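Colleague: I would like a close look at one part of this model, the sheet. Please take me through how the strands are ordered and paired, and what surrounds them.

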Amino acid sequence: MVVLEFSAATVQAHFYCIRISALGEADMANNQDSGLFAKTGKASMGECDAFISHSWRDDPALKWQRMLEFKAEFESKSEGREPQCWLDKACIDQAGDIDASLKALPIFLLSSRHFCCFVGDTYFSRMWCMLELFTFVRSEGAIDRIVLKPLSVEGSDVFISKLDVRLAGCFLRQDKQRILAIVESSYGSSSEFNTACRQILVAAKQSSAGGKVVASAAK
């Protein structure tokens, strides 16, 4: 598992959430700062309902449709309460300590009730998406915490079969090598990690097909 030397107070200082109703389809088109941080609110550990995992290179319209779908499913099981979500573009203060927020990202993920994967054509090609998967799988996260939303009429089978951490890319080559080293030291090989990821995603797909989105009615 990724080990980070952060105090609870430091992590808490950088943990924010946003409601999907504060977003729009245009916000999912790119990762450029558009002032969304002003629409977020502070979150305590365990208060975030969904950590949104996605690739900025995937279709924004399809992604937005699946996000609205998740919102409706969550609200139907929580007496109408809207989910509080962690979304990178919104919840990392672009005018603050971005590096600290990125380093605490695994803790934000593990402190969220659901790990929502919006999986499109490019999802598994992005090393940061693979790092998020690694964090969840290595921590032995429960299957019912994963919400798998494929961005294709083909469903998730095609995407899952293509999962290979060695083929994922990063803007900085050194970041890719660092993440691969973490994965291989934890699993013994990248192939073992690929197998573990495919297995948990297939199980998550079956769980999602049963409509299992667990939500709290707490305000």
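Modeller: What follows is a walk through the sheet, strand by strand, with a word on confidence and on the pocket.

This is a predicted model, so treat confidence as the starting point, because where pLDDT is low, the predicted coordinates should not be read in detail. The mean pLDDT of the chain is 85. Of its residues, 88% reach 70 or more. The stretch to set aside is 211-219, where the pLDDT is below 50. Beyond near neighbours in sequence, that stretch still has 22 contacts in the model.

Now the setting. The chain has 219 residues, and 48% of them count as buried. Its secondary structure comes to 9 helices and 6 strands. Take the contacts between residues at least 6 apart in sequence: 83% of these join residues at least 24 apart.

The sheet is open and holds 6 strands. Read across, the order is S2-S1-S4-S3-S5-S6, with mixed pairing. Which strands stand at the edges? They are S2 (41-42) and S6 (146-150). Each has a single partner strand, so one side of each is left without a neighbour in the sheet.

Start with the antiparallel pair. S1 (residues 16-19) and S4 (residues 84-86) run antiparallel and are joined by 2 bridges. Ile18 has Cys85 of S4 as its bridge partner.

Cys85 also leads to S3, since Ala50 stands opposite Cys85 in S4. S3 and S4 are parallel, paired over 2 bridges. The link between them is helical: S3, helix H2 (residues 60-76) and S4 make a β-α-β unit, and this unit is right-handed.

S3 deserves a closer look. The strand spans residues 50-54, and 5 of its 5 residues are buried. In a regular strand the side chains alternate between the two faces of the sheet. For S3, both faces are covered. One side carries Ala50, Ile52 and His54; the other carries Phe51 and Ser53. All of these are buried.

On to S5 (residues 114-119). S3 and S5 run parallel, with 5 bridges between them. Phe51 of S3 has Phe115 in S5 as its bridge partner.

S5 also pairs with S6. The pairing is again in the parallel sense, over 5 bridges. Here Cys117 stands opposite Leu148 in S6. The chain goes from S5 through H6 to S6, a right-handed β-α-β crossover.

S6 stands at an edge of the sheet. Is this strand buried or exposed? Mostly covered: 5 of its 5 residues are buried. Ile146, Leu148 and Pro150 lie on one side, Val147 and Lys149 on the other. Both faces are covered, Lys149 included.

H6 takes us from the sheet to the largest pocket. This helix (127-138) supplies 4 residues of the lining, the largest share. Helix H3 (88-91) and helix H4 (98-103) each supply at least two. In total, 24 residues line the pocket. Nearest its centre lie Asn31, Trp56, Asp88, Leu102 and Trp128. The space in the pocket is about 720 Å³.

To sum up the sheet: S4 pairs antiparallel with S1 and parallel with S3. S5 runs parallel to S3 and to S6.

How values were computed: Residues numbered from 1 in each chain as written. Predicted model: local features only at pLDDT ≥ 70, side-chain atom pairs only at ≥ 80, totals over all residues. Heavy atoms only, no water. pLDDT = per-residue confidence, 0-100. Contact = heavy atoms within 4.5 Å. Pairing = 2+ DSSP bridges. Buried < 20%, exposed > 50% of the residue type's maximum accessible area, 1.4 Å probe, protein only. Right-handed = clockwise from strand over helix to strand, strands pointing away. 1 Å grid on protein atoms, 1.4 Å probe; cavity = no way out; pocket = protein on both sides within 12 Å on 5 of 7 lines; lining within 4 Å. Points joined across faces, edges and corners; volume = space filled by probe spheres on them.
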